[in-house]
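This report takes up a helix pair, two sheet regions and two individual residues in turn. Please keep the sequence and the structure at hand while reading.

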Amino acid sequence: MPLPAPLGGRLVRRHVQGPEAARLQREARRLPGLPLSPSEEADLRLIACGAYSPLEGFMDRESYACVLHRMSLPSGLPWTIPVVLRVEPHRAAALGRGDRVALYGSAGAGAGGGVPAGDGAPGPLGILEVEDVFPADPLQEARAVYGTESPEHPGVERLLRSPTWCVGGAVWVWASPLLPPAALTPEQSRACFEARGWQRVVGFQTRNPVHRGHEHLQKCALEMADGLFLHPLVGPTREEDLPAPVRWRAYEILLYHYYPPERVVLAGFPAAMRYAGPREAVFHALVRRNFGCSHFVVGRDHAGVGSFYGPLDAQRIFDRFDPALLGVEVLRFDAAFYCRRCRGMATGRTCPHGPGDRTVLSGTDLRRHLREGRALPEELARPEVAAFLLRLSEKRA
């Protein structure tokens, strides 16, 4: 049985190198420039490598509307998160269909003639072929994607601060390196799985340092698959989330001591975190299909934040999609906890004991322990991981 086909049937490749990249770079010097936010830059790089297949660029108004109202692309393929390039009104007014613009990363925004702002700022990352310029409705988008208009939601708060016009169109990208060193492109991950003879690959994502609850779910999933693709998010997150290098090192330590190396691939997922709960869970599953995963773990409150979503909302949303169109099987797990009477990890499906015997595990608890300088109990984190995180928190204090 082969790995699942990418969404849309093929991996999109919008990354150019060699003479073609040099030609486009020369052209970009003569073009007007558009600045990208950190999350838009992350999206651009993931579009270019095919992680967001079948997208070939930033969405036009039809795709944007379909995603908001139907959770699909115009073709009918499932898609739940808008991937748009937001621009200020004065920039939108200067652009029309057929124009070409240079795209500048968050470290150096393009000035009017395509010259990077500031001394020593990097040059453009790519070119966008303008197909559409359209207004977005932030409140409508907030209700559709996040299920709330509350600015207390970090995704809504960021959305309400963003420009209200969008530019859509295909992109060509020459940024090098395209992804961080710890990341794999979908082409690379698929080649890795095939070289290992894997056909059933389960993907797992988290934005928090790994704790015993994560480990329990990952190993349960690994019992039913050929291999485990640990794909923690390493892109932009909230300031209160622990930095990506810290989360990454915690995974490396855990894998070294407690996982069979021949059955696990660890790679970073350099996307921005949206905190969109149910819709983001579907988005994460679809993207992991592009990376070659046949299965994807969705646990309690996947991609949630605060109390904006119910604990099982991110699992129930999958009932609204045709499994054949999703093309990736979702593994739905209850919240894992440590049971003192069982003396081990369990869920409500396997443990008969009451709440008084259980230690509930969460990234929030882990971060709170670290902020307060308290040692992490063994039921929350493996001792090697706990020691690393506590040493780091003491240095940062």
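Contact here means heavy atoms within 4.5 Å. The model is a predicted one, and His153 offers a convenient entry point, as it is found in the loop between H5 and H6. Leaving aside neighbours within four places in sequence, His153 is in contact with Tyr146, Thr148, Arg274, Tyr275, Val305, Phe308 and Tyr309. With a relative accessible area of 0%, His153 is buried, the cut-off for that term being under 20%.

**The helices on either side of the loop**

Two packed helices are described by the angle between their axes and the distance between the axes. For helix H5, which covers residues 138–146, and helix H6, which covers residues 154–161, the axes come within 10 Å and cross at roughly 160°. That angle makes H5 roughly antiparallel to H6, since angles over 145 degrees are counted in that class. The crossing in which H5 passes H6 is right-handed. On the H5 side the contact is formed by Pro138, Leu139, Glu141, Ala142 and Tyr146, which meet Gly155, Val156, Leu159 and Leu160 of H6. By character, the residues of this contact divide into seven nonpolar, one polar and one charged. Tyr146 thus appears in two settings, as one of the H5 residues that meet H6 and as one of the residues in contact with His153.

**Strand E6 and its partners**

Strand E6, residues 165–173, is mostly covered, with seven of its nine residues buried. The strands E2, E3 and E5 each pair with E6 in the antiparallel sense, and the table sets out the extent of each pairing together with one bridge from it.

| Strand paired with E6 | Residues | Bridges | A bridge, with the E6 residue second |
|---|---|---|---|
| E2 | 57–58 | two | Phe58 and Gly169 |
| E3 | 85–87 | three | Arg86 and Cys166 |
| E5 | 126–135 | nine | Val133 and Val167 |

In a regular strand the side chains alternate between the two faces of the sheet.

**A three-stranded sheet**

Further along the chain, an open sheet of three strands has the order E13-E12-E14, and its pairing is antiparallel. Strand E13 (344–346) and strand E14 (358–360) stand at the edges, where each has a single partner strand, so one side of each is left without a neighbour in the sheet. Neighbouring strands of this sheet are turned against each other by 35° on average, direction ignored. Strand E12, residues 337–339, is joined to E13 by three bridges, and the two run antiparallel; within this arrangement, Tyr338 stands opposite Met345 of E13.

**Ala314 in helix H11**

Is Ala314 buried or exposed? Ala314, which is found in helix H11 (residues 313–316), is buried, with a relative accessible area of 1%. Not counting residues up to four places away in sequence, Ala314 touches Pro278, Ala281, Val298 and His302. A separation in sequence also goes with a spatial distance here, as Ala314 and Arg279 are 35 residues apart in sequence and 7.3 Å apart in space, C-alpha to C-alpha.

Technical notes
Residues are numbered from 1 along each chain as its sequence is written. This is a predicted model: local features need pLDDT of at least 70, side-chain atom pairs count only at pLDDT 80 or more; totals for chains, interfaces and linings use all residues. Side-chain values use heavy atoms; hydrogens and water are left out. Axes are lines fitted to C-alpha atoms, for helices over the stretch in contact, and angles run from 0 to 180 degrees between N-to-C directions. Helices (H or I, at least four residues) and strands (E, at least two) are DSSP runs, numbered from the N terminus. Angles under 35 degrees count as roughly parallel, over 145 as roughly antiparallel, 65 to 115 as roughly perpendicular and the rest as oblique. A crossing is left-handed if the near helix is turned anticlockwise from the far one by less than a right angle, and right-handed if clockwise. Ala, Val, Leu, Ile, Met, Phe, Trp, Tyr, Cys and Pro count as nonpolar, Asp, Glu, Lys and Arg as charged, and the others, Gly among them, as polar. Two strands pair if DSSP finds at least two bridges between them. Buried means under 20% relative accessible area, exposed over 50%, partly exposed in between (1.4 Å probe, protein chains only).
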